[in-house]
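Hi,

Here is the structure I said I would pass on. Have a look at it first, and then read on for what turned up.

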Amino acid sequence: MNLTLLGAGAWGTALAVQAAARHQVCLWSRKPTQAAALAASRENAQYLPGVALPPALLVTDDLQAALAHADGGLLVIATPMAGLRELLAALPPALPVTW
């Protein structure tokens with residue numbers, strides 16, 4: 001199953017790492033610099049230091065690509081409450097979401 005996690009903080013990263021053992025996982029960060037650092041170092045040194053990102057885990061800052069990855073699968077929102085309203089407004093209405 002394809003799984004997309006929106007939010008690359010400690011919670012989103014931890015969920016993505018665990019899910020990547022069994023699923024095709026995409027981790028989305030709203031910050032391009034953070035997404036690039038995660039992809040390059042394969043670690044979320046800021047929020048989850050010492051935990052390696054699996055090689056198959058896709059990291060992106062492209063929301064449309066992350067949503068496309070979740071098509072036919074599941075979208076998990078792991079963002080702070082402060083950004084939730086704006087993020088929900090950007091989502092297609094028919095996409096299954098877990099928060």
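To start somewhere specific: is Q34 buried or exposed? Q34 is buried, because its relative accessible area is 14% and the cut-off for buried is under 20%. Bear in mind throughout that this is a predicted model.

Q34 sits in helix α2, which runs over residues 32-41. If you skip the neighbours within four places in sequence, the residues that Q34 touches are A8, S29, N44 and Y47.

A45 makes a good counterpoint. You will find A45 in the loop that links β3 (43-44) to β4 (48-52). With a relative accessible area of 52%, A45 counts as exposed, because that label applies over 50%. If you want a distance to check in your viewer, try A45 to L15: the C-alpha atoms are 16 Å apart in space, and the two residues are 30 apart in sequence.

Now the whole chain. There are 4 helices and 7 strands, and from start to end they come in the order β-α-β-α-β-β-β-α-β-α-β. The radius of gyration is 12 Å, close to the 13 Å that the globule rule gives for 99 residues, so the chain is as compact as a globular protein of that length. Along the principal axes, the C-alpha atoms take up a box of roughly 35 × 30 × 20 Å.

As for packing, 42% of the 99 residues are buried. Take the contacts between residues at least 6 apart in sequence: 53% of them bring together residues at least 24 apart. The exposed surface of the chain comes to about 5600 Å², and 60% of that is supplied by carbon and sulfur atoms.

Last, the part you may want to open up for yourself: the pocket. How much space lies in the largest pocket? The answer is about 420 Å³. It is lined by 19 residues, and the ones closest to its centre are G7, W28, R30, T79 and P80. By type, the lining is made up of 10 nonpolar, 6 polar and 3 charged residues.

That's the tour. Shout if anything looks odd on your screen.

Cheers

Key:
Residues numbered from 1 in each chain as written. Predicted model: local features only at pLDDT ≥ 70, side-chain atom pairs only at ≥ 80, totals over all residues. Heavy atoms only, no water. 1 Å grid on protein atoms, 1.4 Å probe; cavity = no way out; pocket = protein on both sides within 12 Å on 5 of 7 lines; lining within 4 Å. Points joined across faces, edges and corners; volume = space filled by probe spheres on them. Nonpolar A, V, L, I, M, F, W, Y, C, P; charged D, E, K, R; others polar. Helix = DSSP H or I, 4+ residues; strand = E, 2+ residues; numbered from the N terminus. Rg over C-alpha atoms; globule rule 2.2 N^0.38 Å. Buried < 20%, exposed > 50% of the residue type's maximum accessible area, 1.4 Å probe, protein only. Contact = heavy atoms within 4.5 Å. Areas by Shrake-Rupley, 256 points an atom, 1.4 Å probe, with all protein chains shown as cover.
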